[in-house]
Each structure stands twice: as C-alpha cells, then as structure tokens.
Amino acid sequence: MSERPLTDEERDLVEAIGRGPDGRSTDIASGLGVPRWLASHVRHCSRCGAPLTASVPPGENRERMACTACGLVSYINPRLVVTTLPITEHGDLVLIRRGIEPAIGTWAQPGGFLEIDETLGEGAVRETLEETGLVVEPGVLVGLYSRLEAAVVTLVYEARIVGGQARPCAEALEVTTFAPTAIPWAELGFKTSWWALRDWMRLRHPELPVPDHFEGREGH
Ligand SMILES: [Zn+2]
C-alpha cells in the first residue's frame, strides 16, 4: 500500500475507470469502511482476546479493527461466493427457488461460500451438487459481481450438467429448468443473479431481449 498521495492526473484516471463491471450489482457507495453489521461480529482480538477498536494504523490510510492491547489488526475482507449457471444438453438453464433467507422464495443460481481448503472449481461443483443434486463441469467464467451489502464477491461459472439428478432440498425448494426465453427475471432474489443472467444472455443469446432493470425482491 503506497503512502504517496495521488497526483491530480492519477486521481482523474482512477475516477474515470470507476467501479468496474463488478460494481453493477451493489447499491452501496464504495469507501465507507467496514459495514457496522460486520464489524459487530468481530469484537475481540483473535490473538489475545482484548477488545478491538476502529482506528487508522500507522502507515495506513483507512480505518481498521485493531486490538487495544497488542495492536494486532484484524483485517476484514470480502468473502467469495462460488455459483454456477447449470446448462442442460438442450441449452436450458437450471435455477433454484431459495428455501432459506436471504431472499427466501425467490429464484437464484446454485452456489455458496468457498471453503478455505478447496479450489474455485471444486467449490462450484460441491455447492451445485448440494443444492440441486446435479453434477456440473464448470466452464467459462460468466462474471464476478461485488456485493458490498453482504461483504461478498459472487463468482459465476457457466457449467455443463454431466450427471446426477435434480432434487429439491431445504436450501432449494424447487430445482427447475428454464428456457432462455423463460427466465423468471422479475422473481430473482439478487442483483448479482440478475447481472449474471444478463451477462450470460449477452454471451449465448444476444438475439434475445433482456429486461433493462432489476425488478426482483432484493436480498443480500
Ligand atoms: Zn490483541
């Protein structure tokens, strides 16, 4: 991390680049620090157990959660959610109707948090199998989507269904196949899903119309 202040030219260039396409799926402004709901989960030092306070450590330019006793900084970074768009041999798309909060009852692609001891591809396969009963082979990366509201980055693979059998579970009340012309746009639960499906449609079905704004019931 550089302590040198940016020149005016550098700042203009950085501002012109903006948030990037992964920022389309969040409504929260950048630069607001650790969300309060998340900071409240991290209250004690993992090394010595003393309370943490928000402060700017020496040599840094942003607030961190730092230990009041030993000074250890507890870095709080986004978590990675790995998901797939499972595609049938006919080119249709499998979505799940969510059985758990957030956004219970809405449609989304299968996926979940990446575990610390697996690769992205392994996580995508595992989560898809757990939630849908389908074995998929991850293919192209459709996109990455920031979600500051939930402190996550959602990664979306297109994935070919190679085995298994669709079956609902507690996390997925329904596992349903949709033709590209029948995607339930208005019943999606997450802006990340909406943007991922839009990007997938641009990739595979640029001839088909897509809605121009998110109408779903927003979850985090
Ligand atoms: Zn400590």
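How many residues does α4 have, and how far does α4 reach from its first C-alpha to its last? Keep that in mind; the tour comes back to this helix. The model on your screen is predicted.

**Stop 1: the whole protein**

Start with everything shown as a cartoon. You should find 4 helices and 10 strands. Following the chain along the sequence, the pattern reads α-α-β-β-β-β-β-β-β-α-β-β-β-α. The C-alpha trace spans about 60 × 45 × 30 Å along its principal axes. Of the 220 residues, 30% are buried. Now think about contacts between residues at least 6 apart in sequence: 65% of them join residues at least 24 apart.

**Stop 2: two domains**

Colour residues 8-74 as domain 1 and residues 79-204 as domain 2. The C-alpha centres of domain 1 and domain 2 lie 29 Å apart. Where the two meet, 9 residues of domain 1 are in contact with 10 residues of domain 2. The side of domain 1 that touches domain 2 is made of 3 nonpolar, 3 polar and 3 charged residues.

**Stop 3: the first helix**

Select residues 8-17 to see helix α1. Are any of its residues tucked away? The count of buried residues among the 10 in α1 is 0, and the helix is hardly covered. Step on to G18, just after α1, which takes a positive phi of about 75°.

**Stop 4: a small loop and an open sheet**

Next, select P51. This residue sits in the loop between α2 (36-39) and β1 (52-55). Is P51 buried or exposed? P51 is exposed, because 11 other C-beta atoms lie within 10 Å, and the cut-off for exposed is 12 or fewer. Leaving out residues up to four places away in sequence, P51 touches R43, H44 and T68. Take T68: P51 and T68 are 17 residues apart in sequence, yet their C-alpha atoms are 6.1 Å apart in space.

Now show the strands here. An open sheet is formed by 3 strands in the order β1-β2-β3, with antiparallel pairing. Its edge strands are β1 and β3 (73-74), each pairing on one side only. Strand β2 (residues 64-67) and β3 are joined over 2 bridges, and you can pick one out by selecting A66 together with its bridge partner V73 in β3.

A reminder while you look at sheets: strands pair through backbone hydrogen bonds, either parallel or antiparallel.

**Stop 5: strand β9 and its partners**

Move to domain 2 and select β9 (residues 152-164). Strand β4 (residues 79-87) pairs with β9 in the parallel sense over 9 bridges. Strand β8 (residues 134-147) pairs with β9 in the antiparallel sense over 11 bridges. To see examples, find L85 opposite E158 in β9, then V135 opposite G163 in β9. β8 and β9 form a hairpin with 4 residues between them. In that turn, A151 has a positive phi of about 55°.

**Stop 6: the largest nonpolar core**

Keep L85 selected. The largest nonpolar core has 33 residues, and L85 and A196 have the most contacts inside it. Elements that each supply at least two residues of this core include β5 (93-98), β6 (107-108) and β10 (172-178). β9 gives the most, with 6 residues. Beyond its neighbours within four places in sequence, L85 is in contact with L93, Q109, V142, V156, E158, A159, A196 and W200.

**Stop 7: the helices α3 and α4**

Select α3 (120-132). The end C-alpha atoms of α3 are 18 Å apart, which agrees with the 18 Å that 13 residues should span at 1.5 Å a residue. Its buried residues are G123, A124, V125, E127, T128, E131 and T132. Among the elements covering them are β4, β5, β7 (111-113) and β8. After α3 comes G133, with a positive phi near 80°.

Finish at α4 (191-204), where the opening question gets its answer. α4 has 14 residues and reaches 20 Å from its first C-alpha to its last, close to the 20 Å expected. Among its buried residues are W194, W195, A196 and W200. The buried residues of α4 pack against β4, β6, β8 and β9.

How values were computed:
Residues are numbered from 1 along each chain as its sequence is written. This is a predicted model: local features need pLDDT of at least 70, side-chain atom pairs count only at pLDDT 80 or more; totals for chains, interfaces and linings use all residues. Two strands pair if DSSP finds at least two bridges between them. A residue is buried if 20 or more other C-beta atoms lie within 10 Å of its own, exposed if 12 or fewer, and partly exposed in between; C-beta atoms are placed from the backbone. Two residues are in contact if their C-beta atoms, placed from the backbone, lie within 7 Å. Domain bounds come from an automatic or database domain assignment. Ala, Val, Leu, Ile, Met, Phe, Trp, Tyr, Cys and Pro count as nonpolar, Asp, Glu, Lys and Arg as charged, and the others, Gly among them, as polar. A nonpolar core is a set of buried Ala, Val, Leu, Ile, Met, Phe, Trp, Tyr and Cys residues joined through C-beta atoms within 7 Å. The expected span of a helix is 1.5 Å times one less than its number of residues.
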